[in-house]
Amino acid sequence: GQTREGSERPLQQIAIAFSELATHIKSQHQLKHDEQENNVLVASFAGASSHVSVLFGCLGIAFKFAERDYVAKVHDLTKVASNIPTLQSLLEFDLERDSVKVRGSHSRNLLRVKRGLDMVRVLFQGILNSNEESLRDCASQAYAEVFAPHHSFPIRAAVTAGFYALPTRSQLMNKLNEDEISARELMQEYITAVDPVINYVEGIFLSRGLGIDW
Ligand code: 1PZ
């Protein structure tokens with residue numbers, strides 16, 4: 001048997017991490033307006049997001065470049081968390097320097113990581129909605145919806161090529177140490193939990209007029 005906290009169940013760790021973050025974010029709604037939204041720690045967001053990188057290990061070498069990019073961005077957020085405690089203050093930091101949209105900025109990395117979380121959400125939803133052994137359609141639909149509009153042709157071509165080397169549905173479940181039923185439960189738990197997290201991050205960009213489509 002596997003324990004609830006076991007690292008041999010990465011999908012469970014992801015679901016737990018985002019459920020905790022979602023609970024914290026939803027508890028903010030009970031606060032007064034000026035205390036509200038000021039309270040989500042970069043460290044909490046980065047910590048939860050870091051669990052997602054385990055999924056890349058299930059995808060094979062075709063997505064090594066995506067893994068490196070994602071891990072580097074999460075690492076940037078983890079590192080800066082000791083100097084800039086909250087997600088709000090991260091945006092303020094870059095706004096003061098006029099560096100929000102500059103490549104490598106913390107705010108830009110935050111938006112990219114949020115997009116990764118969204119990609120996983122749409123992918124999991126696709127997996128829940130289908131029974132197909134091949135994951136290619138689910139993966140390419142999620143990519144088309146979340147990332148493709150923001151990626152250059154060479155990146156899109158590399159990702160599309162990688163979709164031909166994906167594990168099958170049952171290979172993925174095996175690598176995650178789950179069966180169809182337990183995986184479905186945990187994917188649904190992630191989908192539900194990540195929703196307020198994504199909305200929160202999008203909200204702090206939108207409330208400053210920064211947009212989220214860049
Ligand atoms: C079965 C599941 C298959 C899912 C496969 C998921 C493939 C996602 C592919 C994304 C490729 C991204 C490659 C690198 C892109 C970079 O050019 C940009 C640069 O941003 P900049 O530095 O200019 O600000 N990076 C991104 O867009 C962030 C990419 C993060 C990818 C996270 C994906 C999480 C998916 C995990 C799926 C299991």
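## Helix α9 and the ligand site

At the start of α9, the backbone nitrogen of I181 has a side-chain oxygen of D179 within 3.1 Å; a polar contact is a pair of N or O atoms within 3.5 Å, and within protein one must be able to donate a hydrogen and the other to accept it, while residues adjacent in sequence count only if both atoms are side-chain atoms. This is a predicted model, in which local features need pLDDT of at least 70 and side-chain atom pairs count only at pLDDT 80 or more, whereas totals for chains, interfaces and linings use all residues. Residues are numbered from 1 along each chain, and side-chain values use heavy atoms, with hydrogens and water left out.

Helix α9 comprises residues 180–206 (helices are DSSP runs of H or I with at least four residues, numbered from the N terminus). At V194 in α9, shortly before the proline P196, there is a kink of about 30 degrees, taken as the angle between axes fitted to the seven residues ending there and the seven starting there.

Of the 24 residues around the ligand (a heavy atom within 4 Å), D69, K73, R108, R112 and H151 come nearest. Polar side-chain atoms of three residues approach ligand oxygen atoms as follows.

| Residue | Distance to a ligand oxygen atom |
|---|---|
| K73 | 2.8 Å |
| R108 | 2.5 Å |
| R112 | 3.1 Å |

The elements giving two or more residues to the shell around the ligand are α3 (64–80), α5 (106–129) and α7 (153–162). Helix α5 gives the most, with 6 residues.

How values were computed
Expected span 1.5 Å × (residues − 1).
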